[in-house]
Amino acid sequence: LPRRAADEVLKLHLRYLRVELQRQRIQHLRELREVVDHERVSLVAPRGNIVIDRVQRLRGEPRDEARFGGKAVKLGEARTAALPTPPGYALDVALVEAIVARDAAALDAVAPIFDELGPYVAVRSSAVGEDSEHASFAGQHLTVLNVHSIERMLEAVREVHASAHTEAALAYRRKLGVPGGPRIAVAVQKLVASEIAGVMFTRNP
């Protein structure tokens, strides 16, 4: 093709890519809204002897950072603000410790979470004091992705809890002067089937 014709073809192709990207973004937002609408009528009801408020929906409910950690509280605030954040649940420190101890009532309480959020979920740390104005534990505590079953979800909760007790994580706590031992809460979220993922910094770290 002549140079000018080739340039026109390239411009048309780029225009198509922009339109397609916008279409995919709109579709993704629609899917998130459908999930939110479903969430309003779909509730996980913890059973057994576990106090019901140990499992709280990430939509304005987890407000106590001393129980649920800062990450879960901020995720709840993001969903309350209608930001495109995947739905999920926060498990408080006591419930995570009960899962680690393989308490039958604790296991029974969280099993319905996977049924609602599956087929894939992400299990994320939300340690008490994990992130603050003076400390960031990014990379110290584990996140488990592509969790595909209830059994794997429970195993992932134990792995996240254990990651806070590694020598590297404990040494980091000592270096920063963070008092006391690790207290780990967990956020379980629906896993987004993304094609591209990245990190956005809103302030120079």
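In this predicted model, Glu155 and Arg152 sit 3 residues apart in helix H5, which spans residues 150-163, and so they are separated by about one helical turn. An α-helix has 3.6 residues a turn, so residues three or four places apart point the same way. The two side chains form a salt bridge in which the closest N and O atoms are 3.5 Å apart. Glu155, at 39% relative accessibility, counts as partly exposed, and Arg152 is likewise partly exposed, with a relative accessible area of 22%. The pairing extends to a further residue, since salt bridges that share partners join Arg152, Glu155 and Glu159 into one network.

The structure holds 7 salt bridges, and two others can be set beside the one in H5. Side chains of opposite charge can pair when their charged atoms come close. In helix H1, which covers residues 3-41, Lys11 and Glu8 are 3 residues apart, about one turn of the helix, and their side chains meet in a salt bridge with an N to O distance of 4.0 Å. Lys11 counts as partly exposed because its relative accessibility is 49%, and Glu8 falls into that class because its value is 41%. Glu116 and Arg57 also form a salt bridge, with the closest N and O atoms 3.3 Å apart. Because Glu116 lies in helix H4 (residues 104-117) and Arg57 in strand E1 (residues 55-57), the pair ties together parts that are 59 residues apart in sequence. Here both partners, Glu116 and Arg57, are buried.

The helix that carries Glu116 is mostly covered, with 10 of the 14 residues of H4 buried. The buried residues of H4 include Ala105, Ala106, Ala109, Val110, Ile113 and Phe114, as well as Glu116 itself. At the start of H4, a side-chain oxygen of Asp103 reaches to within 3.1 Å of the backbone nitrogen of Ala105.

From H4 the view can be widened to the nonpolar interior. The largest nonpolar core has 26 residues, of which Leu91, Val110, Ile113, Val123, Val186 and Val188 touch the most other members. At least two residues of this core come from each of strand E2 (88-91), helix H3 (93-100), H4, strand E3 (121-127), strand E4 (143-147), H5 and strand E5 (184-190). A second, separate core consists of 6 residues, among them Phe68, Ala72, Leu75 and Ala90.

Two individual residues show how these elements come together. Val147 lies in strand E4 and counts as buried because its relative accessibility is 0%. Although Val147 and Val121 are 26 residues apart in sequence, their C-alpha atoms are 5.2 Å apart in space. Beyond its neighbours within four places in sequence, Val147 is in contact with Phe114, Pro119, Tyr120, Val121, Val123, Arg152, Met153 and Ala156, and this list includes Arg152, the partner of Glu155 in the salt bridge described at the outset. The other residue, Asp92, has its place in the loop between E2 and H3, and it is buried, with a relative accessible area of 4%. The side chains of Asp92 and Arg67 are joined by a polar contact of 3.1 Å. With neighbours within four places in sequence left aside, Asp92 is in contact with Arg54, Arg67, Phe68 and Ala185, and Phe68 is also one of the residues of the second core.

Taken as a whole, the protein has 6 helices and 5 strands, which follow the pattern α-β-α-β-α-α-β-β-α-α-β along the sequence. Of its 205 residues, 38% are buried, while the exposed area is about 12,700 Å², with carbon and sulfur atoms supplying 56% of it. Among contacts between residues at least 6 apart in sequence, 67% join residues at least 24 apart.

Confidence varies along the model. The average pLDDT is 80, and 79% of the residues score at least 70. Among the elements, H5 has the highest mean pLDDT, at 96, and H1 the lowest, at 67. Over residues 36-52 pLDDT stays under 50, and for this stretch the model has 35 contacts beyond four places in sequence. Where pLDDT is low, the predicted coordinates should not be read in detail.

Terms used:
Residues numbered from 1 in each chain as written. Heavy atoms only, no water. Helix = DSSP H or I, 4+ residues; strand = E, 2+ residues; numbered from the N terminus. Buried < 20%, exposed > 50% of the residue type's maximum accessible area, 1.4 Å probe, protein only. pLDDT = per-residue confidence, 0-100. Contact = heavy atoms within 4.5 Å. Areas by Shrake-Rupley, 256 points an atom, 1.4 Å probe, with all protein chains shown as cover. Polar contact = N/O pair within 3.5 Å; in protein donor to acceptor, adjacent residues only side chain to side chain. Core = buried A, V, L, I, M, F, W, Y, C linked by side-chain atoms within 4.5 Å.
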